[in-house]
Amino acid sequence: MKSLQHKSQLEHNIQHIFTVDVEDWYHGVADEQIRASAEQRLHYGMSILLELLAEFNVKGTFFWLGHAAVENPSIVKQVAEAGHEIGCHGWSHELVYTMSPQRFREETKRARDTIAELAGRPVIAYRAPYFSITSKSLWALEILADLNFQYDSSIFPVRNWRYGIPSYEPHPQEVKTPSGTIYEIPASVRRVFKYNIPVSGGAYFRLYPYSVTRANFRAVEQKGRRVIFYIHPWELDLNHPPVPLNWKERITHYMNRRSTKTKLQRVLQDFSFAPLGEVLEKEIIHNCKRT
Ligand SMILES: [Zn+2]
């Protein structure tokens, strides 16, 4: 396995970006009563994920939800000490475009400060719950810049029932706002005919056969781009309780969970990854400024 891994990394030396949206299985459940009485299970998925990343010597960016961080302070510390980058995934896991700018500012600042204190380092990377920076909530980028976030990875250039700006350029870009500059690193897509197909991870990673994911990664590489890969720890926890959800949420949450671990092992074996901040420092900021 070692030589295979070495060979494939030589053949495909583009470093992709590994990200994790760190939330417990219930943080994205709309029903408040379910959330209030839910069993905390973050450690199950996180231990599998951290072990796999250690085995393949991969570091990633962990976007912590404020709620998940205060419920699991020792895991925040463990992730930081393992050398991963620590980012922010908001406080409440509600859609940004349903919030007022004032509420977004208050709860993002609260999440940033809480996570930074638990991790013992500044937090400058942000990803919105449900990729919910859309054309209705682009104002959020200015607030993020004002809160000293240096980069954001919340825009998905696709059409989806819950998120997406289909016309957004699918490559990293510098966004100038009245409060300063922020770098937007959109989630990855593959252009097929006139449509952008999501190739980034999450439910798409579970739903596609691994051969499709691998072909998608190669297609993105051929364009000279990196895949911004994302995963949630609960996708690796096979025993989180079933709760009533609408059919779309059910697919997003439960479908093909049994395949996640094996697919993750294969993608870590076949491709090379780094945290967002490390790649940005090296290259993306330079290229954004040049173009
Ligand atoms: Zn999330």
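The paragraphs below lead through a predicted model, beginning with one helix and its surroundings and then turning to a second pair of helices and a few loop residues.

A convenient place to enter the structure is helix α5, which spans residues 73–81 and whose buried residues are I75, V76 and V79. These residues cover an arc of only 105 degrees around the axis, which puts them on the same side of α5. An α-helix has 3.6 residues a turn, so residues three or four places apart point the same way. The face of α5 that is turned away from this buried side carries the exposed residues S74 and E81, so that the helix can be read by eye as having a buried side and a face turned away from it. The cover over the buried residues includes the helices α3 (42–55), α4 (66–71) and α6 (101–119), together with the strands β2 (61–64) and β3 (85–88). Just after α5, the backbone at G83 takes a positive phi of about 95 degrees.

Among the elements that cover α5, helix α6 can be followed in more detail. Two packed helices are described by the angle between their axes and the distance between the axes. For α5 and α6 the angle is about 65 degrees and the axes are 8 Å apart, and the two helices are therefore roughly perpendicular to each other. Their crossing is right-handed. On the α5 side the contact is made by P73, V76, K77 and A80, and on the α6 side by I115, L118 and A119; these residues divide into 6 nonpolar, no polar and 1 charged. V76 thus appears both among the buried residues of α5 and in the contact with α6.

A second pair of helices lies further along the chain, where α9 (residues 210–222) and α11 (residues 260–270) have axes that come within 11 Å and cross at roughly 30 degrees. Since angles under 35 degrees count as roughly parallel, that crossing makes α9 roughly parallel to α11. The crossing of α9 and α11 is right-handed. Here Y210, T213 and R214 of α9 meet K263, R266, V267 and D270 of α11, and the residues of the contact divide into 2 nonpolar, 1 polar and 4 charged.

The loops deserve a look as well, and L65, in the loop between β2 and α4, is one of the residues to find there. L65 is buried, with 25 other C-beta atoms within 10 Å. Leaving aside residues up to four places away in sequence, L65 touches V22, E23, H27, H89, G90 and H93. L65 and C88 are 23 residues apart in sequence, yet their C-alpha atoms are 6.2 Å apart in space.

Two further loop residues have a positive phi although neither is a glycine. N57, in the loop between α3 and β2, has a phi of about 55 degrees, and with 9 C-beta neighbours inside 10 Å this residue counts as exposed. F131, in the loop between β4 (125–126) and α7 (139–146), has a phi of about 45 degrees, but F131 is buried, with 27 other C-beta atoms within 10 Å.

Terms used: Residues numbered from 1 in each chain as written. Predicted model: local features only at pLDDT ≥ 70, side-chain atom pairs only at ≥ 80, totals over all residues. Axes fitted to C-alpha atoms, helices over the stretch in contact; angles between N-to-C directions. Helix = DSSP H or I, 4+ residues; strand = E, 2+ residues; numbered from the N terminus. Parallel < 35°, antiparallel > 145°, perpendicular 65-115°, else oblique. Left-handed = near helix turned anticlockwise from the far one by under 90°. Contact = placed C-beta atoms within 7 Å. Nonpolar A, V, L, I, M, F, W, Y, C, P; charged D, E, K, R; others polar. Buried ≥ 20, exposed ≤ 12 C-beta atoms within 10 Å, placed from the backbone. Arc of directions from axis to C-beta.
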